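Colleague: Please take a close look at one part of this model. I would like to know where that part sits and what surrounds it, with the whole chain as background.

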Amino acid sequence: MRMVDLIAKKRDGEALTKEEIDFMIEGYTKDEIPDYQMSAMAMALYFQDMTTDERVNLTMAMVNSGDTVDLSGIEGIKVDKHSTGGVGDTTTLILAPLVACVGVPVAKMSGRGLGHTGGTIDKLESIKGFQVELDGQTFNDLVNKNKVAVVGQSGNLTPADKKLYALRDVTATVNSIPLIASSIMSKKIASGADAIVLDVKTGSGAFMENLDDARALAKAMVGIGNGAGRQTIGVISDMNQPLGFAVGNALEVKEAIDTLNGHGPEDLTELCLTLGSHMVHLANKADSIDEARAMLVEAIESGRALDTFKVFVEGQGGDASVIDHPDLLPQAKMTKEITAKTSGYVQEIIADEVGIAAGMLGAGRMTKESEIDLAVGLVLHKKVGDYVEKGDVLVTLHTNKEETQEVEDKVRNAYRMHADKPEARVLIYDVIT
Ligand code: URA
Ligand code: CA
């Protein structure tokens, strides 16, 4: 088989066979196929798209390019959740204990933050003592005992995706639905999930800015998951403003505690109940989505969800006293209030700008190597649809830096105001099954 023939075939709009896709991905992973040929292929794929069979075959070829996590020692249907990336997205911290407490095993691998989106592993590290690196046996034992453990990525998972993603980044081929979908799904399948709930974000803070693109991406990923024998559903949710109020590591842990207590922000609570209901249903712990949702609401109201968070934190060596005393979490030296310069309704809050502002305070990494400040970030007081009087506090900054003018300007600029009340905001646009 010759790579040049496969490039020509795809250029002309034909579908590649499983054998051809395996040849290409194996060869590329082993450096037998050079970057320039893979670049030409990526561009051909960008323009010619892939059939569902091709997408499944590409995904599985990337899964098989490296290690896979074996979760077979954990009882029950392991359901993973994946978000395409948002700002202030605290959902994993809430969902892990919430669904675990109704019997769904959560054996999750999470990432660190990079750029303007935060990572669950960094957030968890703001709890003193919390261990994010566990060996495989300890991880399995913890999930069997407590139903929940969350670890950082380890092992050589999907090396083909790492290589291809880096290549796409410099060849203008990131934004291709089959390539994004297979990239994300290969990582979920390699990390051992039996079933997958996807949270596909749409809006100014998301990868897919418009709803049609988000829907197409969700359909592509659901098609791959189901084609690969992993039941998958996609929830399309709004990212035209940050989720909840808090953006920043320790601040989001506190927000997760509030939400598990039943006092969380409305949007964050609703998104967690929606995603969680699908997880519980896919894990066969409820006969319907409505029944699953009722179980989760009960878990919050009875305090069992919060108790499970304590067990989860203690299980990984963390100081669980922060749950009753969130002021023990890392605290910034100063707070500063950002006030509105005009009156009006909040129309939109450009989420990635808010994420960048939090990053400038030190909550995010500018490069993979940079250190982050777990204490800092910001808390929104006004959200889309709220009326604001000139002089009202929009946001509180939690900062260890004296000089914050640039951050303040960025945050103020992220708030788009209008004289008229905007239409009611939609949080969940669609569920793709
Ligand atoms: N995230 C991924 O993991 N892969 C992509 O291709 C795009 C976003
Ligand atoms: Ca938040």
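Surface and surroundings

Modeller: The accessible surface of the protein amounts to about 18,000 Å², and carbon and sulfur atoms account for 48% of it. The model is a predicted one, which applies to every value below. Buried residues make up 55% of the 433 residues. The C-alpha trace spans about 65 × 50 × 40 Å along its principal axes. A compact globule with 433 residues would have a radius of gyration near 22 Å, and the protein has 22 Å, so the two agree. Its secondary structure consists of 17 helices and 13 strands. On the charged side chains, 43 are positive and 65 negative, while the centres of the two sets lie 1 Å apart.

For the close look I take Tyr345, which belongs to strand β8, residues 344–349. Leaving aside neighbours within four places in sequence, Tyr345 is in contact with residues from two stretches of numbering: Gly385, Asp386 and Tyr387, and then Arg416, Met417, His418, Ala419, Asp420, Lys421 and Pro422. One of these partners, His418, is 73 residues from Tyr345 along the chain, yet their C-alpha atoms are separated by 5.3 Å. As background for that pair, the protein as a whole can be described by its contacts between residues at least 6 apart in sequence: 78% of them join residues at least 24 apart. The pair Tyr345 and His418, at 73 residues apart, is in contact.

Note on methods. Residues numbered from 1 in each chain as written. Chains lettered and ligands numbered in written order. Predicted model: local features only at pLDDT ≥ 70, side-chain atom pairs only at ≥ 80, totals over all residues. Heavy atoms only, no water. Helix = DSSP H or I, 4+ residues; strand = E, 2+ residues; numbered from the N terminus. Rg over C-alpha atoms; globule rule 2.2 N^0.38 Å. Buried < 20%, exposed > 50% of the residue type's maximum accessible area, 1.4 Å probe, protein only. Contact = heavy atoms within 4.5 Å. Areas by Shrake-Rupley, 256 points an atom, 1.4 Å probe, with all protein chains shown as cover. Lys, Arg positive; Asp, Glu negative; His and termini not counted. Charge placed at Lys NZ, Arg CZ, Asp CG, Glu CD.
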